[in-house]
Amino acid sequence: MSTFSVAQPGRPRALVDFYLTAMRTAVQAQLQYRVNNYFWMLGWVAEPVIYLVVWTTVAEQSGGSVDGNTAGYFAAYYIVWTLVRNMNFGLSTYAWEWRIREGILSGQLLRPLHPIHYDLAFFAGWKFVAIFLWIPIAVALSLLFEPTLDPSVLEIVVFAVAIWGAYLIRSLNLWALGTVNFWTTRGAALSELYIVVELLLSGRLVPLQLLPAWAQTLAGLLPFKWTFYFPIEALIGDLSRAELAKGLAMQVFWTAVGTALVAVMWRRGIRRYSAVNG
Amino acid sequence: MTDAVVLVDDLRKLFDVPEREAGLRAATKSLVRRKTREVRAVDGISFEIAPGEIVGFLGPNGAGKTTTLKMLSGLLYPTDGEARVLGHVPSKREREFLSRITLVMGNRNQLQWDLPALDSFELNRAIYRLPQVDFRAIRDELIELLDVGDLVRKPVRNLSLGERMKVEIVGALLHRPRVLFLDEPTIGLDVTMQKRIRSFIAAYNERHGATVLLTSHYMADVQALCRRVIVIHHGRILYDGPLVGLADTVAAWKTIAVVLENGAGDLSGFGEVIHRDGDVVTLRVPKEQTARVTARLLAEYEVVDLNVEDPPIEDVIELVFAQEDDS
Amino acid sequence: MNALGIAWLHFRLGAMNELQYRANLVIQVFQSLLQLGIGLVMLALVYSHTTNLNGWSQPELLAVLGIQILMGGVIRTAIQPNMTRLMEEVQDGKLDHALAKPVDSQVLISVREVRIWQAVDLVTGAVVLGVALVRLGGDLGMLNVLAFAAALVLGAVMIYSFWLVLTTAAFWVVRMDNVLDLFDGVYQTGRWPVGIYPSWLRFGVTFLVPVAFAVTVPAEAVTSRLEWQTLLLAAIFAVALFTFTRWFWRFGLRNYTGASA
């Protein structure tokens, strides 16, 4: 006769095991789409290149710099931007909607694991492939635009940590946004609004110091700054140790906020889902 | 002493379905006031299942079978009544509960689409926290039982429907669940594959003593596997007992669907005419008369096509429970 | 039935179909305004730090933005829907339906889809352009207006040709899912006069992806800086590109139908 009860490893170890397995699986799946990845990557590289050129032109016409930011600074900013942008991609609200519609979510609910772990793990694995594919783009852009870049070791370390912090915060926020689909089919609209506000106040459109003062204050109160501007500035700016520490602390804070948001939205959402769809 | 694996007591599930007539006026009205209609998907069912039983839920589409399974696996919250599986309340979705059950739905796949099934199995291993050694043993045993050794290395999207179902089942059983919920597992599959999956389920149950709840609208599924049958219709249980009682009734009849060349005369002398559509006539005849009636039809008429089949489940219900069926 | 007749028929069908989904209009207006908002914010930011960009004043850049949005509307209403449908049909092997019709295949696959709600951008773009022209003041002159109209038409023809060439490549390279994202990204370069881009990029968005001809050239007409040589070049390039597109399409078609038995 068989045994039903198989000995199980402890919880944290099991979770790490899951993440590693899922990330490995994600890398395998993504490597299959190398060509597609490139088309898509090239598509959004156009965005920072445009910003870069516009501000460099403004700088040249203003005697070499804009508010003290030189063309070399802009080049560095927007090239590092491409990596940070890559780290920012997560589960879109459309994918959420599709999951609910196609019953994939039900399959996930049958498993003894919170579905967010799938997404965090899969996208994390994907990021490694993305980083790998990004390197030639970064090299090419550096040759074309001559960035001024001279980071210290500390700055590189903080940057490496910060980009994953950014990934985490944004993924949690997007996930919480995705749960809105439990209540409405128009979740996409809310998502777009989020993305637009983020575009303007995260440092994605312009380095935050170029925004009017009131906008900068507003940006300081929102999580977006710490998912975009902070990692970039950590690497290319001249932040003091205190400022670097503060940035990481803010990331921890917003990660906690994101986690709480996900926990609340998910519990409410699943109650609604299980009452109606299943 | 009840060590019942599944305990269901007066379980109900009601849905509020929005209802709207066609037309612009109705559409505008519905913006202000939404009319809903109450659908009783499951209308007070009760039963108990002992460990190791294979129970078949039989019923036509929309009878409440899938809804019941979803409630028992924790996907759907019951509106009323109580359900317990392995002592747990399913809707609480406790980790221990989820690790001991599995739900397989025909036509739905839970494996990674673009990767070989083996990779998805690894994921399941991590999710269910199976130690490597145990996992490999279980996995290899299942692969052998279902004979999918060469299929598990191919991306799932490249497999046929039947092959996909088999690897899905492997994936669903890796964590050695004690309770198997199988929702229409043979739907859309060809006859050979249906047989194979049925024999696998029987063998698995015998070898490991897992409890199986199987829903189907194919009588053949139930006949092959279940000693006990629960017939559901309109969300209510019409019959809960040994298959034998039911099989006798079903086995007693056959339907003959015949397409005639030049119009059909009165075929009522051959058997009960249950359906007529131009040149296509469906007859119901007692089983022992099937051969004789068929021979007579072929001799006396120009027959274009002729099919002998088991009566569909709806007919069985009509036959057996005519007085309780109140549609 | 000639090409125009077929186009009109499909347009009517498509429009009637889409008009049912009035909610989509609201969504579209919402999105259009969001995108416009971003564009205006960017312009405002740039002009808070400088008075002109490469010789273009703020109202002139506003005109560029308006034309980019307007042309974007044309592309998303009439061109992209047809091309994405064509791509899907090639991938799924369903192109044969279209080929079996007694109509020139290129005409059919180019006009049968329309996304009426994307036309919101036509309105948005026109309004922005109008505001820009008012702010510019001065007299535009009939010649400039004609040049503008001609440049727009030539630009649209070139974008269409570009898209069809790209989609025809789908006959050989079956997976082309992200081409849309790629184009949308590159098309954003049209928000600014292409003169500001480094030479290699300028070349790319002029002759590889004809964004310059679609947006900057009409913008030059409208801001009275268009040189007749540029317009002539546009005309020649448009004709050449269109001819090549037609040839390439038929070439790809021969290849495709030869392959499938």
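Me: Two strands are said to pair if DSSP finds at least two bridges between them. How many bridges join strand 11 of chain B and strand 12 of chain B, and in which sense do they run?

Reply: This is a predicted model, in which local features need a pLDDT of at least 70 and side-chain atom pairs count only at 80 or more, while totals for chains, interfaces and linings use all residues. Residues are numbered from 1 along each chain as its sequence is written, and chains are lettered from A and ligands numbered from 1 in the order in which they are written. Strand 11 of chain B and strand 12 (residues 280–286) of chain B are joined by five bridges in the antiparallel sense, so the requirement of at least two bridges is met. Within this pair, H275(B) stands opposite T282(B) of strand 12.

Me: How do you know which runs of residues are called helices or strands, and how many of each does chain B have?

Reply: Both are DSSP runs, numbered from the N terminus, where a helix is H or I over at least four residues and a strand is E over at least two. Counted in this way, chain B has 11 helices and 13 strands.

Me: Four strands of chain B form a sheet in the order 11-12-10-13, with antiparallel pairing, and the sheet is open. What makes strand 11 and strand 13 of chain B stand at the edges?

Reply: Strand 11 (272–277) and strand 13 (303–309) of chain B each have a single partner strand, so one side of each has no neighbour in the sheet. On average, and with direction ignored, neighbouring strands of this sheet are turned by 20° against each other. Helix 10 (residues 290–300) of chain B packs on the sheet, where it touches strand 10 (253–260), strand 12 and strand 13 of chain B, and its direction makes about 170° with that of strand 13.

Me: The axes of helix 3 (residues 71–88) of chain A and helix 7 (residues 153–178) of chain A come within 8 Å and cross at roughly 40°. Why is helix 3 of chain A called oblique to helix 7 of chain A?

Reply: Angles under 35 degrees count as roughly parallel, those over 145 as roughly antiparallel, those from 65 to 115 as roughly perpendicular, and the rest as oblique. The angle of roughly 40° falls in none of the named ranges, so the two helices are oblique. Their crossing is right-handed, a word used if the near helix is turned clockwise from the far one by less than a right angle, and left-handed if anticlockwise. L83(A), V84(A), M87(A) and N88(A) of helix 3 make the contact with I163(A), A166(A), Y167(A) and R170(A) of helix 7.

Me: The axes of helix 4 of chain B and helix 6 (residues 161–173) of chain B cross at roughly 20° and come within 9 Å. Why are these helices called roughly parallel?

Reply: An angle of roughly 20° lies under the limit for that word, and helix 4 and helix 6 of chain B are therefore roughly parallel to each other. This crossing, too, is right-handed. On helix 4 the residues A117(B), S120(B), F121(B) and N124(B) meet V167(B), V170(B) and G171(B) of helix 6.

Me: Helix 5 (residues 132–146) of chain B packs on helix 6 of chain B at about 150°, with the axes 10 Å apart. What makes this pair roughly antiparallel?

Reply: The angle of about 150° is over the limit for antiparallel, which makes helix 5 of chain B roughly antiparallel to helix 6 of chain B. Their crossing is right-handed, and the contact joins L142(B), I143(B) and L146(B) of helix 5 to K166(B), I169(B), V170(B) and L173(B) of helix 6. These residues divide into six nonpolar, no polar and one charged.

Me: How many residues of chain B are in contact with chain A, and what does "in contact" require?

Reply: Two residues are in contact if their C-beta atoms, placed from the backbone, lie within 7 Å, and 28 residues of chain B are in contact with 26 residues of chain A. Helix 3 (95–98) and helix 4 (117–127) of chain B each supply at least two residues of this side, and helix 4 gives the largest share, five residues.

Me: Which elements of chain C give two or more residues to the side that touches chain A?

Reply: Here the contact takes 28 residues from chain C and 24 residues from chain A. The elements in question are helix 2 (22–47) and helix 8 (179–187) of chain C, and helix 2 gives the most, with nine residues.

Terms used
Axes are lines fitted to C-alpha atoms, for helices over the stretch in contact, and angles run from 0 to 180 degrees between N-to-C directions. Ala, Val, Leu, Ile, Met, Phe, Trp, Tyr, Cys and Pro count as nonpolar, Asp, Glu, Lys and Arg as charged, and the others, Gly among them, as polar.
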